[in-house]
Amino acid sequence: MAPKKPNTERYQKMAMSPKEYQAYAKDKEPPRSILGNCLKAFLIGGFICVIGQVFTELFVHLMDMSREDAGNPTVAVMIFISVVLTSLGVYDKIAQFAGAGSAVPVTGFANSMCSAALEHRSEGLVLGVGGNMFKLAGSVIVFGTVAAFFVGIVHLILGTGGQ
Amino acid sequence: MIFLWAFLVGGAICVLGQLMFDVVKLTPAHTMATLVVIGAIVDGLDLYEPLIKFAGAGATVPITSFGNALVHGALTELNKSGWIGVISGIFKVTSAGISAAIIFSFLAALIIRPKG
């Protein structure tokens, strides 16, 4: 069998120096505006926090909680809303638009747990849901716990523990 | 007024996360882990509580407050029951958030029909 003739002609037409190619590829890249992304993150993230503030005010005024005590139920309500929106497939659509604006609030944390649970549901409740729920959220908990431990140790050594 | 500060501070923390995505090119998991550690350190310096007083949900809703709550539990318990509190207190304050996320996510997985 004769060796295949390299199809040089066709490639030659497109031949570019690496520099030219890079310029060409860059030209075809979808535009990524850091400023625009930050603006979207700011607006959506701020909006989510305002919703949280509404619930905080409700807990403070209707249930006579202090502002510090209202933090926990507020977070729980936000997580509940996030799980509902994730189940309906709405949260992922918001996330595509908002980037960090929907990922950084605690709703993004709940979203990562809920979507992992839903994604692995077909593998069963124990191995699928139970085993994968913390797949993405786990790093947040691990690093938060380790950091809190070391901050606590520093305060213990300095003798400045607790407020 | 607190609503305005919640919007501005919460939005600013999200922009910080977006900059980590776009400029430092961290993965979302790395960004979240970094933000939690930042929250823990800021509370270690006693600065997160004033931020909550000032910005309300703008400080409690972003994931940085999770780091703050972990440290807060550890320090409160350290004060109350000595060195062992550093270990036993860590999850005292965050229990609501973690439990809510686990329970609601599990129930959602029970109710929602799997796609695959």
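**Close-up views of a predicted two-chain model**

Just past H5(A), Gly99(A) adopts a positive phi of about 60°. That glycine opens the set of views below, and everything shown comes from a predicted model.

**View 1. Helix H5 of chain A and what it leans on.** This helix covers residues 90-98, and its buried residues are Tyr91(A), Ala95(A) and Ala98(A). Looking down the axis of H5(A), these buried residues sit within an arc of 80°, so they line one face of the helix. An α-helix has 3.6 residues a turn, so residues three or four places apart point the same way. Who are the packing partners of the buried residues of H5(A)? They pack against H3, H4, H6 and H7 of chain A. Swing round to the face turned away from the buried side of H5(A) and you meet the exposed residues Val90(A), Lys93(A) and Gln96(A). After the helix comes Gly99(A), with the positive phi already mentioned.

**View 2. Helix H9 of chain A, covered by pieces of both chains.** H9(A) has 21 residues and stretches 30 Å from first C-alpha to last, close to the 30 Å expected at 1.5 Å a residue. Its buried residues are Val140(A), Phe143(A), Gly144(A), Ala147(A), Ala148(A), Val151(A), Gly152(A) and His155(A). What covers them? The cover includes H7 of chain A, along with helix H2 (28-44), helix H5 (64-81) and helix H6 (85-88) of chain B. Right after H9(A) sits Gly159(A), which takes a positive phi of about 70°.

**View 3. Where chain A meets chain B.** The contact brings together 59 residues of chain A and 58 residues of chain B. On the chain A side, the elements that give two or more residues are helix H3 (34-62), helix H4 (67-87), helix H6 (100-103), helix H7 (106-119) and helix H9 (138-158). By class, this side of chain A splits into 37 nonpolar, 21 polar and 1 charged.

**View 4. H7 against H7, one helix from each chain.** Two packed helices are described by the angle between their axes and the distance between the axes. Here the axes of H7(A) and helix H7 (residues 95-111) of chain B come within 9 Å and cross at roughly 35°. Is the crossing of H7(A) and H7(B) left-handed or right-handed? It is right-handed. From H7(A), the contact uses Val106(A), Phe109(A), Ala110(A), Met113(A), Cys114(A), Ala117(A) and Leu118(A). H7(B) brings Gly97(B), Ala101(B), Ser105(B), Phe106(B), Ala108(B) and Ala109(B) to the same contact. Sorted by class, the contact of H7(A) with H7(B) has 11 nonpolar, 2 polar and no charged residues.

**View 5. Helix H5 of chain B.** H5(B) runs for 18 residues and reaches 26 Å from its first C-alpha to its last, close to the 26 Å expected at 1.5 Å a residue. This helix is mostly covered, with 14 of its 18 residues buried. Next along the chain is Gly82(B), whose phi is positive, near 80°.

**View 6. Two loop residues with positive phi.** Most residues other than glycine have a negative phi, and most peptide bonds are trans. Asp64(A) is not a glycine, yet its phi is positive, about 55°. Where is Asp64(A)? Look in the loop between H3 and H4 of chain A. Asp64(A) counts as exposed because it has 9 C-beta neighbours inside 10 Å, and the cut-off for exposed is 12 or fewer. Over in chain B, Lys25(B) also isn't a glycine and has a positive phi of about 60°. Its place is the loop between helix H1 (2-22) and H2 of chain B. Lys25(B) is exposed too, with 8 other C-beta atoms within 10 Å.

**View 7. Each chain on its own.** Chain A has 9 helices and 0 strands, and 39% of its 163 residues count as buried. Take the contacts in chain A between residues at least 6 apart in sequence: 56% of them join residues at least 24 apart. Chain B has 7 helices and 0 strands. Buried residues make up 55% of the 116 residues in chain B. For chain B, 59% of the contacts between residues at least 6 apart in sequence join residues at least 24 apart. The C-alpha trace of chain B spans about 50 × 35 × 30 Å along its principal axes.

Key. Residues numbered from 1 in each chain as written. Chains lettered and ligands numbered in written order. Predicted model: local features only at pLDDT ≥ 70, side-chain atom pairs only at ≥ 80, totals over all residues. Contact = placed C-beta atoms within 7 Å. Helix = DSSP H or I, 4+ residues; strand = E, 2+ residues; numbered from the N terminus. Nonpolar A, V, L, I, M, F, W, Y, C, P; charged D, E, K, R; others polar. Buried ≥ 20, exposed ≤ 12 C-beta atoms within 10 Å, placed from the backbone. Expected span 1.5 Å × (residues − 1). Arc of directions from axis to C-beta. Axes fitted to C-alpha atoms, helices over the stretch in contact; angles between N-to-C directions. Left-handed = near helix turned anticlockwise from the far one by under 90°.
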